[in-house]
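Trainee: I'm new to this one. Could you show it to me and let me pester you about the labels?

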Amino acid sequence: MVEANYIQEKMAEIQKSEELSNIMGKLLSGKPGYKAVIEKKIIQVRCPGNCGMIFESPVKFCPECGSKIEWPKKE
Ligand SMILES: [Zn+2]
């Protein structure tokens with residue numbers, strides 16, 4: 001069962017990184033249990049045209065080919 005081992009390993013890794021973020025939070029805030037949030041949502045949208053450009057900032061039109069860029073609605 002190689003796959004099960006792999007999952008277990010991954011879980012251990014996640015747990016470790018969680019511990020790390022707890023420690024980081026403690027260091028940054030002086031409060032135990034405070035979690036440092038190092039999360040940044042980057043939305044990438046590929047140009048529907050042929051240019052293959054990928055945009056990270058909400059531009060309305062592709063500067064390369066002029067296609068209209070459709071951005072997902074904010075939740
Ligand atoms: Zn384009």
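Mentor: Sure, let's start with lysine 68, which is exposed, with 10 other C-beta atoms within 10 Å. Keep in mind that this is a predicted model, where local features need pLDDT of at least 70, side-chain atom pairs count only at pLDDT 80 or more, and totals for chains, interfaces and linings use all residues. Residues are numbered from 1 along each chain as its sequence is written.

Trainee: Why is lysine 68 called exposed?

Mentor: A residue is exposed if 12 or fewer other C-beta atoms, placed from the backbone, lie within 10 Å of its own, buried if 20 or more do, and partly exposed in between. Lysine 68 has 10, so exposed is the word.

Trainee: Where is lysine 68, and what is it in contact with?

Mentor: Lysine 68 is in the segment after β2. Leaving aside neighbours within four places in sequence, lysine 68 is in contact with Lys60 and Phe61; contact means that the C-beta atoms, placed from the backbone, lie within 7 Å.

Trainee: And what makes glutamine 44 buried or exposed?

Mentor: Its count is 7 other C-beta atoms within 10 Å, so glutamine 44 is exposed. Glutamine 44 sits in the loop between α1 and β1 (45-46), and its contacts beyond four places in sequence are Ile54, Phe55 and Glu56. From glutamine 44 to phenylalanine 55, the C-alpha atoms are 5.5 Å apart.

Trainee: How many helices and strands are there?

Mentor: The chain has 1 helix and 2 strands, in the order α-β-β from the N terminus. Helices (H or I, at least four residues) and strands (E, at least two) are DSSP runs, numbered from the N terminus.

Trainee: Which element has the lowest mean pLDDT?

Mentor: Helix α1 (residues 2-29), with 81, while strand β2 (residues 54-55) has the highest, 93. pLDDT is the predictor's confidence in each residue, from 0 to 100.

Note on methods: Contact = placed C-beta atoms within 7 Å.
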